[in-house]
Amino acid sequence: MTAPTRPLAPATSGQLATFRLDGDLYGIEVEHVQEVLRSQQLTRVPLAPTAVAGLINLRGQVVTAIELRERLGRPPRPEGTDPVVIVVRLHGEAVSMLVDSIADVVDVDAGDFEAPPDTLEGQSRDLIRGAYKLDGKLLLALDVQKAVSA
Amino acid sequence: MDGLDDIVEEFLVESHENLDQLDTDLVALEQEPDSRERLSSIFRTIHTIKGTSGFLAFNRLEEVTHVGENMLSRLRDGELALTPARTSVLLLMVDTVRSLLTSIEATGGEASVDVSAVVAAISAAMEDGPAAPAPAPAPAPAPAPVAEAPAEAAAKPAARKAPAEAAAKPAARKAPAKAPAAAKAPAKRAPRAKPAPAPVEELHDVPQDDLLDDLSDEPLTAAPAVEEHPVPEPAAADHHPEGEAVPADAAGGQVRRAVADSTIRVDVDLLDELMLLVGELVLTRNQIVQYVGRSTDTDLVRASQRLNLIASELQEGVMKTRMQPIDHIWSKLPRVVRDLGIQCGKNVRLEMEGKDTELDKTLLEAVKDPLTHLVRNSVDHGIEAPDARKKAGKAAEGVLTLRARHESGQVVVEVADDGAGIDPVKLGARAVQRGLLTQDALARMSPADILQLIFLPGFSTAAAVTNVSGRGVGMDVVKTNIESIGGTIEVESEPGVGTVCRLRIPLTLAIVPALTVECAADRYAIPQISLQELVSLDAEKAVNAVEEVGGAQVYRLRGELLPLVRLTDVLGLTSERHDGHVVIAVLRSEGRRFGLVVDRVINTEEIVVKAVGGQLKSIGLYSGATVLGDGTVALILDVQALARRALRTETAERQESRTTSLQTAAAETERQRMLLAAIGGGRRVAIPLDTVTRLEQVRTEAVEKVGNREVVQYRGAILPIVRLDRHLGAYGESDREVLEVIVYADHGRSVAIVVEEILDIVDGEAAVRSDIDDMGLLGSAVLGDKVTELLDVRAAILAADPAFYSHSSAPTGVSDSLLEV
């Protein structure tokens with residue numbers, strides 16, 4: 001996405017559910033989050049896009065799991081570490097994302113928001129709407145809609 | 001009772017529902033007399049009943065509803081104010097309507113109910129202008145009894161209205177005026193008091209009531225409670241006895257439940273929800289049964305068995321609630337057939353068998369259009385014009401037959417006509433002409449296969465089959481629609497006799513029986529509707545039985561070549577089975593059979609189909625996912641997509657090789673896949689594989705002699721035999737018990753080529769050719785490191801059957817006229 005779309009990135013105030021991925025802190029609107037689960041048994045889906053980690057049985061419902069590291073172009077999760085599953089609900093459909101670990105729910109202020117730096121490259125550029133400048137760290141606002149539409 | 005036809009029955013069910021709504025509405029209206037909405041709703045309901053009753057010639061019903069409607073319309077338009085009295089007459093009307101319906105239901109008529117009183121009451125309630133509703137006529141004679149009542153009732157609470165004695169008249173008169181004006185004050189009193197006035201017969205009660213009304217609440221609770229009853233009763237009293245007596249004589253008791261009581265209408269969404277829950281239950285059941293299977297606790301085992309049973313029955317029951325007879329969609333077809341018949345100048349009679357066959361509502365919707373399309377096709381293209389039929393020695397009237405039946409967990413629906421049928425020769429020629437098929441490919445197709453061409457997309461153009469227009473119009477769409485609900489379609493036709501289109505549809509969509517298989521340590525589910533059989537080959541057998549066709553594997557299933565597709569290859573995985581054992585699921589899709597090689601067959605179980613997320617839909621190989629007994633998710637394979645994907649490459653390749661083969665004969669030989677066979681004396685010949693339709697084994701004793709030729713009976717036909725060894729001057733063993741036979745077919749004629757042994761199938765492209773021209777050979781080549789002779793198939797066949805090609809001098813460029821064998 002190029003310049004014209006950038007200013008459109010909404011700088012919202014509100015609550016973000018945050019999580020860590022490859023050392024960075026990300027956040028998604030808290031109202032999208034349905035639940036957070038520990039590592040689940042995944043059924044792989046041959047021939048699926050690489051970001052599709054597999055399918056999860058969520059109390060009888062079959063939910064697709066998206067590997068967010070893959071989606072953001074990050075290196076694979078180190079061996080032996082289990083991902084955490086964040087189940088989000090979008091347009092009535094549940095999708096889940098695999099992240100490294102879950103963090104707090106953070107109140108953010110639109111005033112702290114800044115569009116992503118132009119140096120941000122690759123897949124992340126489409127998925128990260130911008131960053132909230134928190135004390136001592138940056139909270140990257142993830143476009144959850146785009147992130148799960150692998 | 002038998003006169004109670006469908007329309008009336010439907011009317012009754014509907015009206016009963018409407019009446020219940022009416023009761024609710026009327027009562028609610030009393031609470032909020034100004035509600036336009038309620039009034040309109042009531043008006044509509046009455047109007048509906050009136051309309052239908054007029055149509056069905058229920059005159060009394062019409063009469064009652066008509067006056068009721070009049071009153072309601074005036075209420076609605078604000079010409080009348082709703083008073084409790086008017087509410088009462090309306091309620092009375094509802095009761096009367098109800099008893100009329102009961103009577104209609106019981107006797108088929110309404111004669112037993114007298115409506116004049118109600119009509120009069122309603123009219124009266126309307127006549128007296130805004131200020132004087134029903135009570136008006138009542139109070140007039142009323143004072144008399146009232147006068148008595150207070151007299152004796154000094155001690156009773158009622159007596160406390162003694163002072164009212166004087167006010168008896170004013171009170172009565174005042175009542176109506178008060179109702180609208182002082183609605184808030186005696187709101188709850190007024191409605192109670194008013195019901196009484198309505199029935200004209202119950203006059204003596206009325207004034208008392210009215211008076212009580214004015215006095216205090218105490219008597220109200222007592223007196224009106226008693227008094228109110230007469231209101232519905234006069235109406236009910238008239239017909240209730242009859243209502244019950246009549247069915248008793250007519251139907252011999254109350255065996256037959258009232259129509260309205262025996263059915264309910266349920267929101268389809270609710271049923272879907274139930275179905276979903278039952279699906280979950282089935283899953284949990286599977287899980288528990290699987291878990292308990294390992295247990296030794298007999299009580300637990302018994303309980304789980306019961307659970308198993310109950311869950312199955314529940315599932316069946318819920319499924320049934322969604323079942324509807326196919327007649328729901330068939331009932332529209334006679335009209336379609338009639339209109340279309342007239343339009344096409346054809347005489348068509350529609351016959352239906354199995355109207356009651358039920359299938360799931362959603363499926364019913366899904367097959368509606370395809371079915372209509374097939375019926376239209378049959379009338380339009382299948383059945384001939386009367387003249388043509390007479391010429392063909394048939395009755396001028398064509399017969400179109402719809403048949404439906406349940407068959408092994410599926411619904412089979414057939415659309416059959418006794419029309420001209422589809423001529424495979426013309427159809428094939430047309431396909432070639434349209435460039436959908438090469439002549440060569442066509443030549444090797446059986447008539448049955450050729451018929452399936454009508455489902456090819458792009459084949460749907462006019463003049464494809466008959467002179468009128470195409471049988472194939474939109475047939476690809478029909479096929480797609482049917483397959484999208486997991487069904488299959490096939491067509492059979494005999495020229496001059498007729499055509500049958502057969503749909504096979506699953507009973508329901510949500511829960512399907514499936515085969516679970518393992519492949520590369522994952523499990524997949526294959527809907528059983530596509531599954532034909534399972535073949536398991538141990539390592540030793542597999543080595544011989546699975547043959548290679550230029551890299552593509554085939555298995556000889558009872559003589560037929562079954563292309564094999566390895567699921568691991570399709571999915572890009574690596575098999576975990578290394579013992580050489582081969583498990584083949586024989587699947588059928590779009591009229592083609594193929595064998596899906598999997599690692600292991602796990603189980604057959606009922607699975608609940610879950611949609612997969614949008615991210616996976618684009619892959620196209622999975623029709624959904626399911627949760628297995630142990631809670632893991634398994635993907636459901638889309639057999640149609642699998643077939644298309646796995647077999648397409650192969651077909652495309654073949655297509656390609658054929659196209660080039662048409663250009664030069666030399667190139668043809670080079671690019672073809674060859675069947676290698678030993679013919680004795682260490683000699684090997686190669687036969688172009690695309691001329692081979694089958695590999696068979698024939699017992700020597702089955703070979704018979706006709707003149708100096710050898711023949712064998714094969715599938716109801718007589719096949720001339722050519723022994724390659726003799727033909728080519730080799731010397732094979734002649735005392736074999738079983739002959740290896742290659743069946744070659746062209747334009748409906750076949751010969752059996754006997755070889756010593758079928759060795760292999762190789763890709764001819766790599767061959768190094770030389771031109772050793774010998775009789776019966778085209779040359780030789782190095783195939784599989786050995787010099788192999790290339791058989792001149794044509795010569796070999798002519799040796800066996802000199803007449804084989806006599807119908808077509810040029811086998812590669814067959815014109816339409818020559819095709820008409």
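In this predicted model, five residue pairs sit in polar contact between chain A and chain B, both partners being at pLDDT 80 or more. On the chain A side, strand 4 (52-58), strand 5 (61-67) and strand 7 (93-99) each bring at least two residues to the surface that touches chain B. Strand 4 gives the largest share, four residues. Sorted by class, that side of chain A has 13 nonpolar, five polar and three charged residues.

What does the salt-bridge rule find across the interface? Just one salt bridge. The side chains of A:Arg44 and B:Asp522 meet in a salt bridge, at 2.4 Å from N to O.

Here's the contact between the two chains in brief:

| Item | Value |
|---|---|
| Chain A residues in contact with chain B | 21 residues |
| Chain B residues in contact with chain A | 22 residues |
| Area buried between chain A and chain B | about 1700 Å² |
| Share of that area from carbon and sulfur atoms | 61% |

A:Arg44 turns up again here: together with A:Pro46 and A:Leu47 it supplies 33% of the area chain A buries against chain B, more than any other three residues.

Now for the cores. The largest nonpolar core has 116 residues, and A:Leu142, B:Tyr524 and B:Leu596 touch the most other members. Helix 17 of chain B (residues 361-382) provides the largest share of this core, seven residues. Leaving out residues up to four places away in sequence, B:Leu596 touches a set of residues including B:Ile526, B:Val565, B:Leu567, B:Leu637 and B:Leu642. Apart from this core lies another one, of 39 residues, with B:Leu12, B:Ile49, B:Phe58 and B:Val113 among them.

Key: Residues are numbered from 1 along each chain as its sequence is written. Chains are lettered from A and ligands numbered from 1 in the order in which they are written. This is a predicted model: local features need pLDDT of at least 70, side-chain atom pairs count only at pLDDT 80 or more; totals for chains, interfaces and linings use all residues. Side-chain values use heavy atoms; hydrogens and water are left out. Contact means heavy atoms within 4.5 Å. Buried area is the accessible area (1.4 Å probe) that two parts lose on being put together, summed over both. A salt bridge is a side-chain nitrogen of Lys or Arg within 4 Å of a carboxyl oxygen of Asp or Glu. A polar contact is a pair of N or O atoms within 3.5 Å; within protein, one must be able to donate a hydrogen and the other to accept it, and residues adjacent in sequence count only if both atoms are side-chain atoms. Ala, Val, Leu, Ile, Met, Phe, Trp, Tyr, Cys and Pro count as nonpolar, Asp, Glu, Lys and Arg as charged, and the others, Gly among them, as polar. A nonpolar core is a set of buried Ala, Val, Leu, Ile, Met, Phe, Trp, Tyr and Cys residues joined through side-chain atoms within 4.5 Å. Buried means under 20% relative accessible area, exposed over 50%, partly exposed in between (1.4 Å probe, protein chains only).
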